[in-house]
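This briefing goes through the strands, the helix packing and the domain contacts of one protein chain. Please keep the sequence and the 3D view open while reading.

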Amino acid sequence: MSEEDYPKKKDQHIRFMFEGVSVRGELVQLEQTWKKLLGRHHYPDSVKSTLGEALAATVLLSSALKFDGNLTFQIQGDGALRLVVIQVSSQGHIRGLARWEGDVVSGNMNDKMGDARIVITIANKDREKPYQAIVPVMGETLTDCIQHYFDSSVQIPTKLYLAVDKKQVGGMLIQRLPDETEDKECHDEDWSRIQILTKTVKDKELLELEPEELLYRLFHDEHVGIVASDPIVFACSCSSERIETTIKSLGQAEVISIIDEMGSVEVRCEFCNKAYHYNRSDADRLFDSVSVEENPTVH
Ligand SMILES: [Zn+2]
């Protein structure tokens, strides 16, 4: 089957609401994005599962934590799986990668990542200082860890579910909204009913069902409707300007010495694998345009 014949499901992020119930929901299903992300590196299965969960979770978080700019979701650890990073822009452009060393065992988060933490960073266009939240990795799964973040930091009643297989990733989130009326008991009842219904969702349903069908299967006695659907695409924001900043940080002497030895400097973007090359005249241009006080190394 060629890529063209492959039955394409839309990569999208859906928001849904319940009529008369103060709960909102989100659903994400990604197939092409997941395929592209996996195509960049040969990840072992035990890495793929965490990377896929992080991918779905980041999209869900991007709507739960409103922003205009970039959201970066990182899990950093001292285990065999050292880093998982996913970055999404408010336009729905997403990229990500994982770094590991040796054998990553299948198992719970701490088995894979050792002593680990989740770092969520939001860089808003109109704000100088980024928002950052750091959550220790505790629990069996990434879902448990993010659930812990919502319970401890966001403090808005939220539940989320994530699912991954070789072909796709999926996720669902429900969040209680501020009550519009005084009847607290009724709202508590609504929230607990929607939670019970959502909890029945199976991984296979999250991954394979069309959004309308999935919502009907879970909530057919409720009045639920899709209010927005945004496309998500794999896109890398690397650029020659950014790569040049990295090259400059190496220092002129180091860069020239690599070029003398190898003919050119190659810097590869870890997210999309694009290679950037710099030869001697590029280096001269780069270092002429910066005024750094450097002590040239004497050979
Ligand atoms: Zn790139």
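In β2, leucine 27 is the bridge partner of isoleucine 14. This pair is one place to enter a predicted model whose domain assignment gives domain 1 (12-234) and domain 2 (240-288). The points below take the two open sheets in turn, one of five strands and one of six strands, and then the contact between the domains.

**The five-stranded sheet**

- Strand β1 (residues 12-18) and strand β2 (residues 23-30) run antiparallel and are joined by six bridges.
- The sheet that holds them is open, with antiparallel pairing and the strand order β8-β9-β2-β1-β10.
- At its edges are β8 (158-164) and β10 (224-231), each of which pairs on one side only.
- On average, neighbouring strands of this sheet are turned by 15° against each other, direction ignored.
- Helix α2 (residues 45-64) packs on this sheet and touches β1, β2, β8 and β9 (169-176).
- The direction of α2 makes about 140° with that of β2.

**The six-stranded sheet: order and edges**

- The open sheet of six strands has mixed pairing and runs in the order β7-β6-β3-β4-β5-β11.
- β7 (131-136) and β11 are the edge strands; each has a single partner strand, so one side of each is left without a neighbour in the sheet.
- Helix α2 packs on this sheet too, where the strands touched are β3, β4, β5 and β6.
- Here the direction of α2 makes about 30° with that of β4.

**The six-stranded sheet: strand pairs**

- Strands of a sheet pair through backbone hydrogen bonds, either parallel or antiparallel.
- Nine bridges link strand β3 (residues 69-77) with strand β6 (residues 116-124), and the two run antiparallel.
- In this pairing, phenylalanine 73 stands opposite isoleucine 120 in β6.
- β3 also runs antiparallel to strand β4 (residues 81-89), to which seven bridges join it.
- Asparagine 70 stands opposite serine 89 in β4.
- The connection from β3 to β4 is a hairpin through three residues.
- β4 pairs with β5 in the antiparallel sense, over seven bridges.
- Two residue pairs locate this pairing: leucine 81 has tryptophan 100 in β5 as its bridge partner, and valine 88 stands opposite isoleucine 94 in β5.
- β4 and β5 form a hairpin with three residues between them, and glycine 92 in that turn has a positive phi of about 85°.
- β5 runs parallel to strand β11 (residues 233-234), and two bridges join them.
- Histidine 93 is the residue that stands opposite valine 233 in β11.

**Contact between the domains**

- The C-alpha centres of domain 1 and domain 2 lie 37 Å apart.
- Eight residues of domain 1 are in contact with five residues of domain 2.
- The two domains bury about 680 Å² between them, with 51% of that area on carbon and sulfur atoms.
- Of the area that domain 1 buries against domain 2, Arg40, Arg95 and Leu97 supply 59%, more than any other three residues.
- One salt bridge is counted between domain 1 and domain 2.
- Arginine 99 and glutamate 270 meet through their side chains in a salt bridge, at 2.5 Å from N to O.
- Four residue pairs are in polar contact across the interface of domain 1 and domain 2.
- Strand β5 (residues 93-100) gives four residues to the side of domain 1 that touches domain 2, the largest share.

**Salt bridges**

- The structure holds 17 salt bridges.
- Lysine 48 and aspartate 45 form one through their side chains, at 3.6 Å from N to O.
- These residues, lysine 48 and aspartate 45, are three residues apart in helix α2, which means that about one helical turn separates them.

Conventions: Residues are numbered from 1 along each chain as its sequence is written. This is a predicted model: local features need pLDDT of at least 70, side-chain atom pairs count only at pLDDT 80 or more; totals for chains, interfaces and linings use all residues. Side-chain values use heavy atoms; hydrogens and water are left out. Two strands pair if DSSP finds at least two bridges between them. Axes are lines fitted to C-alpha atoms, for helices over the stretch in contact, and angles run from 0 to 180 degrees between N-to-C directions. Contact means heavy atoms within 4.5 Å. Domain bounds come from an automatic or database domain assignment. Buried area is the accessible area (1.4 Å probe) that two parts lose on being put together, summed over both. A salt bridge is a side-chain nitrogen of Lys or Arg within 4 Å of a carboxyl oxygen of Asp or Glu. A polar contact is a pair of N or O atoms within 3.5 Å; within protein, one must be able to donate a hydrogen and the other to accept it, and residues adjacent in sequence count only if both atoms are side-chain atoms.
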